[in-house]
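Colleague: I have a protein model open and I do not know where to start. Can you take me through it, feature by feature?

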Amino acid sequence: MTQSGKETDPQHPEYAGALAARINPHIPHPARIYDFLLGGKDNFASDREAAEALIKLSPGTREGVRAHRAFVSRAVRYLAAEAGITQFLDIGTGLPTQDPTHVIAQRAVPEARVAYVDNDPIVLVHGRALLTGDPAGATEMIEADLRQPQKILSDPAVREVLDFARPVAVILAGLLHFVTDDEDPYGVVEQLKAAVPSGSHLLLSHITMDFADNLSREEFTKPYDNSSAPMVPRSHDETLRFFEGWDLLDPGLVEVVTWRPDPVEYQEQIPGGHAWAYGGLAVKP
């Protein structure tokens, strides 16, 4: 097997080592910053410094991130338990600090099938451990970038797990604000939307500056300036555009804390009152 084969074949014994060699601990990465803010341990000093800078700008950052994660959990639970979705394409998976998608989905539907996609080596190293789920279902993880949707959609591992003739929930949680306008985020999302049939769902969340009255855009995004993916916050209207042509479910595109809050779920008080993120769920007609 070639060296490149060792680096790309998840079954090869040298796969994890090849991934680990690509990790640069000196450059902050959004997945590891998010992990730190959620209380995880899979992060480096550079990630923690970027996270602390975010907290200094907005004291409610840590609580807001937890509120965002809770929104994703509620939405996945709804998809599996109420909408009848059994297939999930989770792009920008991040580190499994809390219940990953397949764990939430398979609690309601043991046969749920999940394909995870991420481009961060440290996520992929840990991702191999998350591929244990209910034996009635299936879980896979591939290395790919959202900016190359056709590579994701044509990947044999994704195709083995997901049947694109049946409804799929496409999850883009906390990801699109790391795709710049020059990288055509709307075109990327449209390619994913076009690949799934009627009855499929789009679960999406996005950072916004709509509530950042006292900060400039430069101040807001500065902690990510030296990271592997600069941040691009978008307005409500700009985020709403990602759902174009699909039917938004109630309550629409709203702050993540107000999307179908669970009355028995612990609701943290967020300093400043806002999570600075919109979330929504839509179905393809």
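Modeller: We go from the whole chain down to single residues.

Colleague: What kind of model is this, and how does confidence run along the chain?

Modeller: This is a predicted model. Read the confidence score, pLDDT, before anything else; the scale runs from 0 to 100. Here the protein chain averages 81, and 69% of the residues score at least 70. Residues 1-17 stay under 50. For that stretch the model has 16 contacts beyond four places in sequence.

Colleague: How many helices and strands does the protein chain have?

Modeller: There are 12 helices and eight strands.

Colleague: What share of the residues is buried?

Modeller: Burial is judged by relative accessible area, and buried means under 20%. In this protein chain, 53% of the 285 residues are buried. The accessible surface comes to about 12700 Å². Carbon and sulfur atoms hold 51% of that surface.

Colleague: What share of the contacts joins residues 24 or more positions apart?

Modeller: Take the contacts with a separation of 6 or more. Of these, 73% are between residues 24 or more positions apart.

Colleague: Now the aromatic rings. How many aromatic pairs are there?

Modeller: The structure holds three. Read two things for each pair: the distance between ring centres and the angle between planes. Take F71 and W259: their centres are 5.5 Å apart and their planes stand at 80 degrees, so this pair is edge-to-face. An angle over 60 degrees earns that label.

Colleague: Where in the chain do F71 and W259 lie?

Modeller: F71 is in helix α5, residues 61-81. W259 is in the loop between β7 and β8. They are 188 residues apart, so the pair links distant parts of the chain.

Colleague: Are F71 and W259 buried or exposed?

Modeller: F71 has 0% relative accessibility, so F71 counts as buried. W259 is buried too, with a relative accessible area of 1%.

Colleague: What sort of pair do Y186 and F242 make?

Modeller: Their ring centres are 4.3 Å apart and their planes are at 25 degrees, so the pair is stacked. Planes under 30 degrees apart count that way. Y186 is in helix α10, while F242 is in the loop between α12 and β6. The two are 56 residues apart. Both are buried.

Colleague: Which charged residues lie over a ring face?

Modeller: Look for a charged group placed above the flat side of a ring. R241 lies over the face of Y186, at 3.8 Å from the ring centre. R260 lies over the face of Y78, at 4.6 Å from the ring centre.

Colleague: Let us stay with α10. How many of its 10 residues are buried?

Modeller: Seven of them, so the helix is mostly covered. Among them are P185, Y186, V188 and K193. To read packing, ask which elements those buried residues touch. Here they pack against β1, α8, β4, β5 and α12.

Colleague: K193 is a lysine in that list. What does the side chain of K193 reach?

Modeller: The side chain reaches the backbone oxygen of E244 at 2.7 Å. K193 has a relative accessible area of 4%, which means that K193 is buried. Leaving aside neighbours within four places in sequence, K193 is in contact with L202, F242, F243, E244, W246 and K284.

Colleague: What about the loop between β4 and α10?

Modeller: Compare two of its residues. D181 lies there, and at 54% relative accessibility D181 counts as exposed. D184 is also in that loop, but D184 is partly exposed, at 42%.

Colleague: What is phi in D184?

Modeller: Check the sign of this backbone angle. For D184, phi is near 60 degrees, a positive value in a residue other than glycine. R260 shows a positive value as well, near 45 degrees. R260 is in the loop between β7 and β8 and counts as partly exposed at 32%.

Colleague: Which peptide bond is cis?

Modeller: Read omega for that. The bond from D250 to P251 is cis, with omega near 5 degrees. P251 lies in the loop between β6 and β7.

Methods:
Residues are numbered from 1 along each chain as its sequence is written. Side-chain values use heavy atoms; hydrogens and water are left out. Helices (H or I, at least four residues) and strands (E, at least two) are DSSP runs, numbered from the N terminus. Buried means under 20% relative accessible area, exposed over 50%, partly exposed in between (1.4 Å probe, protein chains only). Contact means heavy atoms within 4.5 Å. Accessible areas come from the Shrake-Rupley method with a 1.4 Å probe; for residues, only the protein chains shown count as cover. Rings of Phe, Tyr and Trp (its six-membered ring) pair if their centres lie within 6.5 Å; planes under 30 degrees apart count as stacked, over 60 as edge-to-face and the rest as tilted. A charge sits over a ring if NZ of Lys or CZ of Arg is within 6 Å of the ring centre and within 35 degrees of the ring normal. pLDDT is the predictor's confidence in each residue, from 0 to 100. A polar contact is a pair of N or O atoms within 3.5 Å; within protein, one must be able to donate a hydrogen and the other to accept it, and residues adjacent in sequence count only if both atoms are side-chain atoms.
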